[in-house]
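User: I am new to reading protein models. Can we go through this one step by step?

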Amino acid sequence: MVGIGDDPEAAPVPAALRIHPSAPNPFSASTTVALDLPAGLPVEVRVYNLAGQLGRSLTEGFRPAGSHQITWDGADAGGRRLARGVYLLRTKVGVSSRTQKLVLVN
């Protein structure tokens, strides 16, 4: 299951773009990446295996200014649980991007 939480009215608009490290990491059930957006921006979050193959697209589209959370449950696009191992989480916000290693321990 992918979870996306947006509550732009709950807190003031962040002053700067920030892509937080995914937590927890390593993980077994799920992991969450948090984003602070100072303005509305296009956001793309995808999970790849180490061979560069897309495992799952978690979100793609415009997000309003504010804080957002995107959760990955370790499953592929078909809902099948992926094997334990190292994956790459690529988060692209506007022209900025960050790639981080995720360790799925099942």
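User: What share of the 106 residues of the protein chain counts as buried?
Analyst: This is a predicted model, so keep that in mind for each value below. A residue counts as buried when its relative accessible area is under 20%. Of the 106 residues in the protein chain, the buried share is 37%.

User: How much area does the protein chain expose, and what part of it comes from carbon and sulfur atoms?
Analyst: The exposed surface of the protein chain is about 5700 Å². Carbon and sulfur atoms supply a share of that surface, namely 54%.

User: How many helices and how many strands does the protein chain have?
Analyst: Follow the pattern along the sequence: it reads β-β-β-β-β-β-β-β. The count for the protein chain is zero helices and eight strands.

User: Among contacts between residues at least 6 apart in sequence, what share joins residues at least 24 apart?
Analyst: A contact needs heavy atoms within 4.5 Å. Take the contacts in the protein chain between residues at least 6 apart; those joining residues at least 24 apart make up 55%.

User: In what sense do E4 and E7 pair?
Analyst: Seven bridges join these two strands. One bridge matches Val-47 with Leu-89 in E7. The sense of the E4 and E7 pairing is antiparallel.

User: Which residue in E8 stands opposite Lys-92?
Analyst: Strand E8 covers residues 96-104. E7 and E8 run antiparallel and are joined by nine bridges. Opposite Lys-92 stands Ser-97.

User: Which residue in the hairpin of E7 and E8 takes a positive phi?
Analyst: The hairpin has two residues between its strands. The phi in question is near 60 degrees. The residue is Gly-94.

User: Is Glu-44 buried or exposed?
Analyst: Glu-44 lies in strand E4, residues 41-49. Its relative accessible area is 18%. The cut-off for buried is under 20%. Because 18% is under that cut-off, Glu-44 is buried.

User: Leaving aside neighbours within four places in sequence, which residues are in contact with Glu-44?
Analyst: Set aside the neighbours within four places in sequence. The contacts of Glu-44 are then Thr-59, Glu-60, Arg-90, Thr-91 and Lys-92.

User: What distance, N to O, is found in the salt bridge of Arg-90 and Glu-44?
Analyst: Side chains of opposite charge can pair when their charged atoms come close. This pair links distant parts of the chain, with Arg-90 in strand E7 and Glu-44 in strand E4, 46 residues apart. A salt bridge here needs a nitrogen within 4 Å of a carboxyl oxygen. For Arg-90 and Glu-44 the distance is 3.8 Å.

User: Which residues are linked with Glu-44 in a network of salt bridges?
Analyst: The structure holds five salt bridges. Some residues are linked in a network, and Glu-44 is one of them. Its other members are Arg-46, Glu-60 and Arg-90.

User: Where is Asp-73, which forms a salt bridge with Arg-56?
Analyst: The closest N and O atoms of Arg-56 and Asp-73 are 3.1 Å apart. The pair links distant parts of the chain, 17 residues apart, with Arg-56 in strand E5, residues 54-63. Both Arg-56 and Asp-73 are buried. The place of Asp-73 is the loop between E6 and E7.

User: Which residue's backbone nitrogen does the side chain of Asp-73 reach?
Analyst: Asp-73 is buried, with a relative accessible area of 15%. Its side chain reaches a backbone nitrogen at 3.1 Å. That nitrogen belongs to Ala-75.

User: In the salt bridge of Asp-76 and Arg-80, is Arg-80 buried or exposed?
Analyst: The side chains of Asp-76 and Arg-80 meet at 3.1 Å, N to O. Asp-76 is buried, at 12% relative accessible area. Arg-80 has 54%, and exposed means over 50%. Therefore Arg-80 counts as exposed.

User: What kind of aromatic pair do Trp-72 and Tyr-87 form?
Analyst: A search of the whole structure finds two aromatic pairs. In the pair of Trp-72 and Tyr-87, the centres are 5.8 Å apart and the planes stand at 70 degrees. Planes over 60 degrees apart count as edge-to-face. So this pair is edge-to-face.

User: Which residue forms one aromatic cluster with Trp-72 and Tyr-87?
Analyst: Trp-72 sits in strand E6 and Tyr-87 in strand E7, 15 residues apart. Both Trp-72 and Tyr-87 are buried. The residue that joins them in one aromatic cluster is Phe-27.

Notes:
Residues are numbered from 1 along each chain as its sequence is written. This is a predicted model: local features need pLDDT of at least 70, side-chain atom pairs count only at pLDDT 80 or more; totals for chains, interfaces and linings use all residues. Side-chain values use heavy atoms; hydrogens and water are left out. Helices (H or I, at least four residues) and strands (E, at least two) are DSSP runs, numbered from the N terminus. Buried means under 20% relative accessible area, exposed over 50%, partly exposed in between (1.4 Å probe, protein chains only). Rings of Phe, Tyr and Trp (its six-membered ring) pair if their centres lie within 6.5 Å; planes under 30 degrees apart count as stacked, over 60 as edge-to-face and the rest as tilted. A polar contact is a pair of N or O atoms within 3.5 Å; within protein, one must be able to donate a hydrogen and the other to accept it, and residues adjacent in sequence count only if both atoms are side-chain atoms. Accessible areas come from the Shrake-Rupley method with a 1.4 Å probe; for residues, only the protein chains shown count as cover. Two strands pair if DSSP finds at least two bridges between them.
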